[in-house]
Amino acid sequence: MGIVAGLDSSAEFTRIVVCDTDTGAVLRQGYAAHPGEPKAVDVDPQTWLLSLGEAATGGLLEGVEAIGVSAQQHGLVPLDAQGGLVRPALVRNDKRAQVAAADLVESLGGRQAWAEAVGSVPGAGQAVAKLRWLARTEPEHAQRIAMILQPHDWLVWQLLGRPARRTTDRGAASGTGYWSARTGMYRPDLVDLALGHQAVLPEVLGPSDAAGITPEGLLVSAGTGETMAAALGLGLGPGDAVVSLGASGSVMAVHHEALADPSGMITSFADATGMHLPVVSTSNAVRALRGTAEMLGLESLDELSALALKSTPGASGLVLLPYLEGERTPNLPHTAGTLSGLRRESMKPEHLARAAFEGMLCALTDAMDVLRGRGVEVRRVFLLGAAAALPAVQALAPALFGAQVVVPQPADYAALGAARQAAWALGVARGTLSPSAPPAWQGAVAQILEPGEELSAGQAVRQQYVATREQIHPGAFGS
């Protein structure tokens, strides 16, 4: 038995879990919020170290032999030739870079060119778009940039005592916009296109590689982005998909190869095990539920859920296309939501509440079908986010997704994934684990929901939704 730690430095806090190397059982935990403005898009990276130090107080890391780091993915840490910070790190899905992202798409020849080059189309959150924004709006800073790191890269570098070697992993690299998950190689020409000159990029480590040893003697694993760490912490494998229910939504699945999508709907990430994580995102998920609750004068989503369950499958013919903020999947950025099927018998609060849940889940099924249409197998769907606990979501999701639904208990899955990676790298270094597979830890404690007898009703609801979508937005998915 040994002890390892997993560190997750998210946008607003640091979480640390200390785990048994053999089973993954959590032995100790630490937490600290990042100092400063929680929603800031320009951040001093030193605040991440301050938060880390606070989270690790009280002997939390005593006896730990290895540590893994996961961190927020939408981040850029620009360094000069001496390794000094050129300006505060740019983090989050910073809307300032939206125009820069659009410029990059045009500069390379369109969405298809980007999808083929790196597996994704530039968005405001990606490092490549942030570089372009800096080159256009802060040219004096852009000219000084000699090295580029992401938050997890920078934290690993700091833990190791700022060595000459700087590293990242394939998971984090796949979100930059200048590394291809398909080829496993950087595209320095895209850095040049965005920044106006070349910059040193970190070495991309393999999933079970070690980044180095700290001055205190701790082995540090490659680390990865939060999404990839959470997938590792959940124990995802082929046939598994994750549906994330935030204000917006996403569907992510484990697949054996990178997917180049000319439409740009699929973002082709690499995972932290050597596999791939194609992701399809929607602009609207829980925001559609909150908007409906406000329309009905309800104070909570729990009330909306209870009301929805008083209706019947299909909401008496009422269909909500939940494109309230435009939509990304399908690509309808300037559209609005639509409520269809209004008849006297359908104009009841419970039917509108049900239509909101069915519309949100059907829109996410549209996203899932984009992946299925490219050969991605989905046998189990992990449902994440606070809304996953709503009874209406749990009642409707299995039949609409057409798959077993797993609702994991809340846990620090990104930190757990980072710890599992640390145990893997430690085992490989000692010759007790294979580089080809991470340690077999206990799976997430979860509630299992089966489609059961509701499957046929769910299929009918799905057909009603698709028919309405095709009537109002014909050919939105190219069909």
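Student: How far apart are the end C-alpha atoms over residues 4–224?
Tutor: The model is predicted, so to speak of its local features requires pLDDT of at least 70, side-chain atom pairs count only at pLDDT 80 or more, and totals for chains, interfaces and linings use all residues. Residues are numbered from 1 along each chain as its sequence is written, and side-chain values use heavy atoms, leaving out hydrogens and water. An unreviewed UniProt entry annotates residues 4–224 as "domain: Carbohydrate kinase FGGY N-terminal", although such annotations may be inferred rather than shown by experiment. This stretch is 30% helix and 27% strand (DSSP runs numbered from the N terminus, at least four residues of H or I for a helix and at least two of E for a strand), and its end C-alpha atoms are separated by 16 Å.

Student: Which strands stand at the edges of the open sheet with the order 4-7-6-8?
Tutor: The four strands of this sheet pair in antiparallel fashion, where pairing requires at least two DSSP bridges between two strands. An edge strand has a single partner, so one of its sides is left without a neighbour in the sheet. This applies to strand 4 (42–43) and strand 8 (147–149).

Student: In strand 7, which residue is the bridge partner of D42?
Tutor: Strand 4 and strand 7 (residues 89–91) run antiparallel and are joined by two bridges. In strand 7, D42 has as its bridge partner L90.

Student: Which residues of helix 3 make the contact with helix 2?
Tutor: The axes (lines fitted to C-alpha atoms, for helices over the stretch in contact, with angles from 0 to 180 degrees between N-to-C directions) of helix 2 (residues 98–108) and helix 3 (residues 111–118) come within 7 Å and cross at roughly 85 degrees. The two helices are therefore roughly perpendicular, a term for angles of 65 to 115 degrees. Contact means heavy atoms within 4.5 Å; L104, V105 and L108 of helix 2 meet, in helix 3, R111, A113, W114 and A117.

Student: How many residues apart in sequence are the parts that F13 and Y31 tie together?
Tutor: Rings of Phe, Tyr and Trp (its six-membered ring) pair if their centres lie within 6.5 Å; planes under 30 degrees apart count as stacked, over 60 as edge-to-face and the rest as tilted. F13 and Y31 form a tilted pair, 5.6 Å centre to centre with 40 degrees between the planes. F13 lies in strand 2 (residues 13–20) and Y31 in strand 3 (residues 26–33), so the separation of the parts tied together is 18 residues.

Technical notes: Parallel < 35°, antiparallel > 145°, perpendicular 65-115°, else oblique.
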